[in-house]
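Here are my comments on the model you sent, set out as numbered points. I begin with a detail of strand pairing and then move outward to the sheet, the contact and the domains.

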Amino acid sequence: MAEDVLAPLAGKVLSVAVSVGDTVEEDDEVLVLEAMKMETVVYAPLDGEVTALAVKVGDQVEEDDTLATING
Amino acid sequence: MKPYFERMDAFGKALKPGRKKRTVASAEALQGVEAEIAEATQAVEEAGFSTEKINQRGWMTVYQRLEYLVDEGTWHPLHTLYNPEENTKGTTNVVDGLGRIEGRWAVIIGFDNKVIAGAWLPGQSENILRATDLAARLNIPLVWLVNCSGAKLPEQEKFYANRRGAGTPFFRHAELEQAGIPVLAGIYGTNPAGGGYQSISPTVLLAHKDANMAVGGVGIVSGMAPKGGFDAAMVEDLIAKMKDFTARPPGDVSTHHDGTGFFTRVYEEETGVLDGLKEYMRAVPAYGEEFFRAAEARPPAFPPEDLYHLLPAHQKEVYDFDEVLARLVDGSERLEFRPDYGPEVFAGVCKVDGRLVGCIGNRQGYLGKDYPEYGDYPGIGGKLYRQGLIKMNEFVTLCGRDRLPIVWFQDTSGIDVGEAAERAEVLGLGQAVIYSIQQTGVPMMLVVLRKGTAAAHYVMGGPTANRHNAFTLGTAATRIEVMHGETAAVATYSRRAAKEQAAGRSLEPVIDKMNQLVEHYDQTSRPAYCAQHGFVDEVVPLPELRRYLQAFTGAAYQHPASICPRHHMLLPRMIRG
């Protein structure tokens, strides 16, 4: 089952902790968004493999943009 | 009121392995700061003569007296690192905290007789006033271990005079007594001049057989009228008088027990004085443990060590405040006030050892679309907006009405700014919270979890709420400053930078100053600095926070000056509907 990781808010991608092909566990850090001087960690919603990364460091994203896809 | 309080709404969830793994470095950073604080604490406790040296002289140290006096496991030190005048020994020379004596809570304070025989030092009177004020906020006895050689004379100009100088605590003792709060004193050693007033100003004076107290000690009594200097004959005369007074210092127990009767009792042994204090503490008014319990006491549903993985050391990282609170309150249960309004603020009724408290804290992170409702920008937790300020005003007012002590949790970057925010009345609503706090009669405590910034640090029950804030705790992540250092550097130097650029000069000197200011802010907002300068009353390891909440609520409910029957409370009904 593939699940998209969505941006919880608009912001800038500060760091990306995973690569395509990585195995992640639920609640692992996927990336960090910076908005309003605060850093919001975006977590893996399920165990699985990262099959797609839609953003890179420095990208500006909008709320609900797809950031990554995890196949569980 | 079982339907409301026996089982409240459960919240929080167990820590996931992924989060624990991801936050190892943050946990280690927090524990590293706690280790530094522990090291500084040990240095303060070892200041002056060694315990062995004091014991060889036949005396106990203040720490040994405290250990004998205070019920095991109930000592909660405060102001350990407080040293605002930067005394070389690292201490103001008093040791104080909350503890139980014979099952009753008291504020306990004693002179450190290892350091200059317990002398007055710079910064000490402010430390003492924090202890006297704490007794007033919690309406519990103040217990003194007096052993005070008087002023450290070479530095008298730093503490003798002034509104909050070394004499102010004697007026505070009178205030406490007039408010019906007893001040008990166990008196040891030589207590001349300032030490004499430290001894005479409490309510009940229990003395060791070798104690004395006097308006002036040997040094003053044997002195002479000023003659513009000293010569050998004068000093020899002085030595002769000193010897006479060494044999019998003024104001010993034969004078002040047998003669004036100021000492209520005299004890042969040092421990006898402490036993006497215990006997008097058994006689002070206090409600029993069960009197104000709304439910059976229960620990939180989750372990306190989780806090290291929930509160990020990194100042900008978002976290879930509710998960922190779930590690601190009974059963991880609450009755949340207006959960659908002012999402940046948690407000609700919780239990600590079965007793009801109001809890207020900053929630973190993105606050959802269309919030704040008056701005075209996203709202982010830690900041206070119109709704959150209104919610705090309502909750504080109702806690005052229902006589619920309040525990504040700060991690705030300030109140919303800008024209839209001004039109949304945030300035007036912030001051309204201060007004709301000030019109309650309930004691409050504060935990600065991470950031205490801008006016929000005042508004959210900060130490500036001096008539209500009993004490303020810091953590390893605490930072208290008017604004972030980088923001301050921009505010201070941006115009200067523009001028330099327009003049065609190098920007490097301005950049250096900006970075220096950032560094200065960093150094002067850290936990150790906050503790040294009294921004917080103690920096506490995260797993110890609940113990201090227990001490606060236990003390606040020991003998409250005003009570509200649970069946007359409004808050639970307003929450449940």
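1. Which residue is the bridge partner of T23(A) in strand 6 of chain A? In this predicted model, the partner of T23(A) is E49(A). The two strands concerned, strand 3 of chain A and strand 6 (residues 48-53) of chain A, are paired in the antiparallel sense, and two bridges join them.

2. That pairing belongs to an open sheet in chain A, whose four strands follow the order 1-8-6-3 with antiparallel pairing. Strand 1 (2-6) and strand 3 (23-24) of chain A are at the edges and have a single partner strand each, so one side of each is left without a neighbour in the sheet.

3. Turning to the contact between the chains, chain A contributes 15 residues and chain B contributes 13 residues. On the side of chain B that touches chain A, the classes comprise five charged, five nonpolar and three polar residues.

4. As for confidence, the predictor assigns the complex a pTM of 0.94 and an ipTM of 0.78, and I would quote both values with any description of the contact. For chain B, the pLDDT averages 95, with 98% of the residues scoring at least 70.

5. The domain assignment of chain B divides the chain into domain 1 (1-46 + 289-478 + 526-564), domain 2 (47-282) and domain 3 (483-525), and domain 1 is thus written as three segments. Between domain 2 of chain B and domain 3 of chain B, the C-alpha centres are 48 Å apart.

Note on methods
Residues numbered from 1 in each chain as written. Chains lettered and ligands numbered in written order. Predicted model: local features only at pLDDT ≥ 70, side-chain atom pairs only at ≥ 80, totals over all residues. pLDDT = per-residue confidence, 0-100. Contact = placed C-beta atoms within 7 Å. Nonpolar A, V, L, I, M, F, W, Y, C, P; charged D, E, K, R; others polar. Pairing = 2+ DSSP bridges. Domains from an automatic or database assignment.
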